[in-house]
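Here's a quick briefing to read alongside the model. Have the sequence and the 3D view open as you go.

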Amino acid sequence: MLEASASVLIKHPLETVWEYTTTPENIAAYLPGVVEMTPLSDNPVSVGAQW
């Protein structure tokens with residue numbers, strides 16, 4: 001079985017990185033293959049939210 005891994009050093013506080021990576025609108029900036037993330041409702045991000 002093929003296995004791969006990678007790591008990246010980000011010189012910012014953990015809280016800043018966490019907030020950025022958990023904001024759906026930012027996903028296209030760091031996840032290959034994603035072009036855009038658009039919310040399907042005005043509800044806040046929560047379990048079951050659709051984008």
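How much area does the protein expose, and what share of it do carbon and sulfur atoms supply? The exposed area is about 5,000 Å², with 59% of it coming from carbon and sulfur; accessible areas here are Shrake-Rupley values with a 1.4 Å probe, and for residues only the protein chains shown count as cover.

Bear in mind that this is a predicted model, where local features need pLDDT of at least 70 and side-chain atom pairs count only at pLDDT 80 or more, while totals for chains, interfaces and linings use all residues. Residues are numbered from 1 along each chain as its sequence is written, and side-chain values use heavy atoms, leaving out hydrogens and water.

**Overall build**
- The protein has 2 helices and 0 strands, taken as DSSP runs numbered from the N terminus (helices: H or I, at least four residues; strands: E, at least two).
- Its radius of gyration is 14 Å, whereas a compact globule of 51 residues would come in near 10 Å; the radius is taken over C-alpha atoms, and the globule rule is 2.2 Å times the number of residues to the power 0.38.
- The C-alpha trace spans about 35 × 35 × 20 Å along its principal axes.
- Just 6% of the 51 residues are buried (buried is under 20% relative accessible area, exposed is over 50%, and partly exposed is in between, with a 1.4 Å probe and protein chains only).

**The tyrosine pair**
- There is 1 aromatic pair in the structure.
- Y20 and Y30 make up that pair, sitting 6.2 Å centre to centre with 50° between the planes, so it counts as tilted.
- The pairing rule takes rings of Phe, Tyr and Trp (its six-membered ring) with centres within 6.5 Å; planes under 30 degrees apart are stacked, over 60 edge-to-face, and the rest tilted.
- The pair links distant parts of the chain, with Y20 in helix 1 (residues 14-21) and Y30 in helix 2, 10 residues apart.
- Y20 is partly exposed at 38% relative accessible area, and Y30 is partly exposed at 37%.

**A nonpolar patch**
- Y20, Y30 and L31 make a nonpolar surface patch of about 280 Å².
- Patch residues have over 30% relative accessible area and no salt bridge; nonpolar side chains (Val, Leu, Ile, Met, Phe, Trp, Tyr) are joined within 5 Å, and like charges within 9 Å.
- A salt bridge, for this purpose, is a side-chain nitrogen of Lys or Arg within 4 Å of a carboxyl oxygen of Asp or Glu.

**Around the helices**
- V34 sits in the segment after helix 2 and is partly exposed, at 25%.
- Setting aside neighbours within four places in sequence, V34 contacts I27 and A28 (contact means heavy atoms within 4.5 Å).
- P13 lies in the segment before helix 1 and is partly exposed, at 47%.
- P13 and L40 are 27 residues apart in sequence and 31 Å apart in space, C-alpha to C-alpha.
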